[in-house]
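Please open the structure in your viewer and keep the sequence panel beside it. The tour below moves from one selection to the next and says what is to be found at each stop.

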Amino acid sequence: MPFLGQDWRSPGQNWVKTDDGWKKRTADDKNNNVSVGSFCKDNKPECFNKENLLLSLSYEMSAKKRKKDLMNNNSKIPYFHREKWIYVHKGSTKERHGYCTLGEAFNRLDFSSAIKDTRRFNYVVRLLELIAKSQLPSLSGVAQKNYMNILERVVQKVLDDQQNVRPIKELLQTLYVSLCGLVQDMGKSVLVGNINIWVHRMDNILQWQQQLDNIQINRPAAMGMSLTDLPASLQLNIMQRLTDGRDLVSLGQVCPELGALTEDRLLWKKLCQYHFTDRQIRKRLMVSEKGHLEWKKMYFKLSRCYAHREQYSDTLHLCTHCHILFWKDTNHPCTANNPESCTTSLSPQDFISLFKY
């Protein structure tokens, strides 16, 4: 194949940095300058410093590289893509070329704004957790850096709002455990970048965990009606909206009155039926001495054996007609022209499975 430009095997051109900028070095400049070889011929005693000179240069280059790695780690990449929908093409066609990967979809979709939306926050957090468990090495270098930047925004939002502390703690712990194993395999193409960058990121994760541990939820200034002022029936009605048993346990520790209500058997029965199937419940039956089912103990036992049911206010959808990936409340060209197009709701696990070929 003929070369269209300068042969890459050629010695190249010499450039010299001047006060006016970089200039191409001419033949006259080469004759005027004294090379290291000619200098050694004229001054043989001083040639012994050549090795020290090369060592100092290599040391300066390595120091500059470490400084550059640290600067690249501390810098935040701009969010070039804030697209509400993207086209997912799994193969090359005459009209389109290339493949849409998980890293590309993670970069192009507007996840940085999605974490600000209460409806999408839990969805994005769950997606970050799944990526931290097994998909982090499959991301590109830009996607991995974007992942850490979005994670930092999530932590900052939790610190500011003082909400959703527990899921973010679990996310950080999962990510830290995964990175501990991946950093040990550095050099095997598992993570992109210098190991010093990832060690610095792990230090940031430990700092975020410490900040979340030290968070103190402030009591609201307005002294209005509280939960304990409501009738017991309304309190139970509010408790039935909670989908995590650990939240019920925490609520019961507020005061003895709420603690008695959180022990309601019907409350834990509905919680078990919400997350688990009848077949799963029958396999883990627990009966008390009085012959009653221990729904609270069954819930935590089932939680250790089976996954919880996931439900989100807003999810990503895939149009099977035009292969557009979009948020539920965002229109794309296919729905604008054909409202009856077939769309499928994607859970975080389905979103990751979409890019496994």
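Throughout this tour, two residues are said to touch, or to be in contact, when heavy atoms of theirs lie within 4.5 Å. The model is a predicted one, and with the whole protein displayed you have 17 helices and 6 strands before you. Of its 357 residues, 32% count as buried, and among the contacts with a separation of 6 or more, 62% are between residues 24 or more positions apart.

Select arginine 120 first, which lies in helix H6, residues 118-135. Its relative accessibility is 8%, and because buried means under 20%, arginine 120 counts as buried. If you now display its surroundings and leave out residues up to four places away in sequence, arginine 120 touches Ala114, Asp314, Trp327, Asp329 and Thr330.

Move next to the loop between helix H7 (141-161) and helix H8 (165-184), where glutamine 162 lies. The phi angle of glutamine 162 is near 60°, a positive value in a residue other than glycine. Asparagine 164 lies in the loop between H7 and H8 as well, and its phi is likewise near 60°, again positive in a residue that is not glycine. With a relative accessible area of 35%, asparagine 164 is partly exposed.

Now select helix H13, residues 265-275, and colour Leu267, Trp268, Leu271, Cys272 and His275, which are buried. Viewed down the axis of H13, these buried residues fall within an arc of 135°, so they line one face of the helix. An α-helix has 3.6 residues a turn, so residues three or four places apart point the same way. To see what covers the buried residues of H13, add the helices H10 (232-239), H11 (245-252), H12 (256-261), H14 (278-283) and H15 (295-305), which are included in that cover. At the N-terminal end of H13, aspartate 264 acts as a cap, with a side-chain oxygen 3.3 Å from the backbone nitrogen of leucine 266.

Stay in this region and pick threonine 262, which is found in the loop between H12 and H13. Threonine 262 has a relative accessibility of 4% and therefore counts as buried. Its side chain reaches the backbone oxygen of glycine 259 at 2.8 Å. Setting aside neighbours within four places in sequence, threonine 262 is in contact with Met239, Leu248, Gly252, Leu267 and Trp268; Leu267 and Trp268 are among the buried residues of H13 that you have already coloured.

Keep H11 and H15 on display and hide the other helices. How do the axes of H11 and H15 cross? They come within 11 Å and cross at roughly 135°, which makes H11 oblique to H15. In this contact, Gly245, Arg246 and Val249 of H11 meet Lys296, Tyr299 and Phe300 of H15, and the residues of the contact divide into 3 nonpolar, 1 polar and 2 charged.

For the last stop, select threonine 344 in strand S6, residues 343-346. Is threonine 344 buried or partly exposed? At 36% relative accessibility, threonine 344 counts as partly exposed. Measure from its C-alpha to that of cysteine 319 in the viewer: the two residues are 25 residues apart in sequence, with 6.4 Å between them in space. Not counting residues up to four places away in sequence, threonine 344 touches Leu316, His317, Leu318 and Thr320.

Terms used. Residues are numbered from 1 along each chain as its sequence is written. This is a predicted model: local features need pLDDT of at least 70, side-chain atom pairs count only at pLDDT 80 or more; totals for chains, interfaces and linings use all residues. Side-chain values use heavy atoms; hydrogens and water are left out. Helices (H or I, at least four residues) and strands (E, at least two) are DSSP runs, numbered from the N terminus. Buried means under 20% relative accessible area, exposed over 50%, partly exposed in between (1.4 Å probe, protein chains only). The arc is that of the directions from the helix axis to the C-beta atoms. A polar contact is a pair of N or O atoms within 3.5 Å; within protein, one must be able to donate a hydrogen and the other to accept it, and residues adjacent in sequence count only if both atoms are side-chain atoms. Axes are lines fitted to C-alpha atoms, for helices over the stretch in contact, and angles run from 0 to 180 degrees between N-to-C directions. Angles under 35 degrees count as roughly parallel, over 145 as roughly antiparallel, 65 to 115 as roughly perpendicular and the rest as oblique. Ala, Val, Leu, Ile, Met, Phe, Trp, Tyr, Cys and Pro count as nonpolar, Asp, Glu, Lys and Arg as charged, and the others, Gly among them, as polar.
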